[in-house]
Amino acid sequence: MSYSQKPIEISCVGGNVIKSSGLATVSILVAGQRIRLETIVMDRMINGVDCVFGMDAFKELGGVQIDGSGKTVSFGNRK
């Protein structure tokens, strides 16, 4: 993992702005796939949330599918 303590500002949907702690390159394992991502490091997250995926992560995982109930998530181009 590489880390750069270079805070950036993130504009939220509600209009407020939050500051990050820095940027990092990480390797994570998701559904048996290891992917390397550029990440934004935060001091705090919403209670119970460890990670928020962006569109770049979904692309690296080959897409994402959520079933009609919203309870099952699968990654990759499965039909």
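Which residues does I8 touch, not counting residues up to four places away in sequence? In this predicted model, I8 touches I18, K19, S20, L23 and I40. That's a handy place to start walking through the structure. I8 sits in the loop between β1 (2–4) and β2 (9–11), and with a relative accessible area of 26% it comes out as partly exposed. One of those partners, K19, is 11 residues away from I8 in sequence, yet the two C-alphas are 5.7 Å apart in space.

Another partner of I8 is S20, so let's hop over there. S20 belongs to the loop between β3 (17–19) and β4 (22–30). Buried or exposed? S20 is buried, at a relative accessible area of 5%, and the cut-off for that label is under 20%. Setting aside neighbours within four places in sequence, S20 is in contact with K6, P7 and I8, and also with I40, V41 and M42. I40 turns up again here: it is among the contacts of S20 and among those of I8.

Staying with the loops, N16 is found between β2 and β3. N16 is partly exposed, its relative accessible area being 44%. Once neighbours within four places in sequence are left aside, N16 is in contact with I10 and S11.

Now for the aromatic side chains. A pair of aromatic rings is described by the distance of the centres and the angle of the planes. How many aromatic pairs does the structure hold? There are 3, and two of them are worth going through here. Take F53 and F58: the ring centres are 6.0 Å apart and the planes are at 75°, so this pair is edge-to-face, given that angles over 60 degrees get that name. F58 also pairs with F75, and there the centres are 6.5 Å apart with the planes at 25°, so the pair is stacked. Since F58 lies in helix α1 (residues 55–60) and F75 in strand β7 (residues 73–75), the stacked pair ties together parts that are 17 residues apart in sequence. Put F53, F58 and F75 together and you have one aromatic cluster. How covered are its members? F75 counts as buried, at 12% relative accessibility, whereas F53 is partly exposed at 27%.

What about the cysteines? Searching the whole structure turns up 0 disulfides. Why is C12 not bonded to C51? The sulfur of C51 is the closest cysteine sulfur to that of C12, but it is 16 Å away, which is too far for a bond; a disulfide would need the two sulfurs within 2.5 Å. Seen from the other end, C51 is in no disulfide either, and its nearest cysteine sulfur is that of C12. Both cysteines have some accessible area: C12 is partly exposed at 27%, and C51 is partly exposed at 49%.

Last stop, the surface. M45, I46, V49 and V52 form a nonpolar patch there, and together they have about 380 Å² of accessible area. Where is M45 found? M45 is in the loop between β5 (33–41) and α1, and at 39% relative accessibility it counts as partly exposed. The helix at the end of that loop, α1, is the one that holds F58, which takes you back to the aromatic cluster of F53, F58 and F75.

Definitions and conventions
Residues are numbered from 1 along each chain as its sequence is written. This is a predicted model: local features need pLDDT of at least 70, side-chain atom pairs count only at pLDDT 80 or more; totals for chains, interfaces and linings use all residues. Side-chain values use heavy atoms; hydrogens and water are left out. Rings of Phe, Tyr and Trp (its six-membered ring) pair if their centres lie within 6.5 Å; planes under 30 degrees apart count as stacked, over 60 as edge-to-face and the rest as tilted. Buried means under 20% relative accessible area, exposed over 50%, partly exposed in between (1.4 Å probe, protein chains only). Helices (H or I, at least four residues) and strands (E, at least two) are DSSP runs, numbered from the N terminus. Patches are made of residues with over 30% relative accessible area and no salt bridge: like charges are joined within 9 Å, nonpolar side chains (Val, Leu, Ile, Met, Phe, Trp, Tyr) within 5 Å. Accessible areas come from the Shrake-Rupley method with a 1.4 Å probe; for residues, only the protein chains shown count as cover. A salt bridge is a side-chain nitrogen of Lys or Arg within 4 Å of a carboxyl oxygen of Asp or Glu. Contact means heavy atoms within 4.5 Å.
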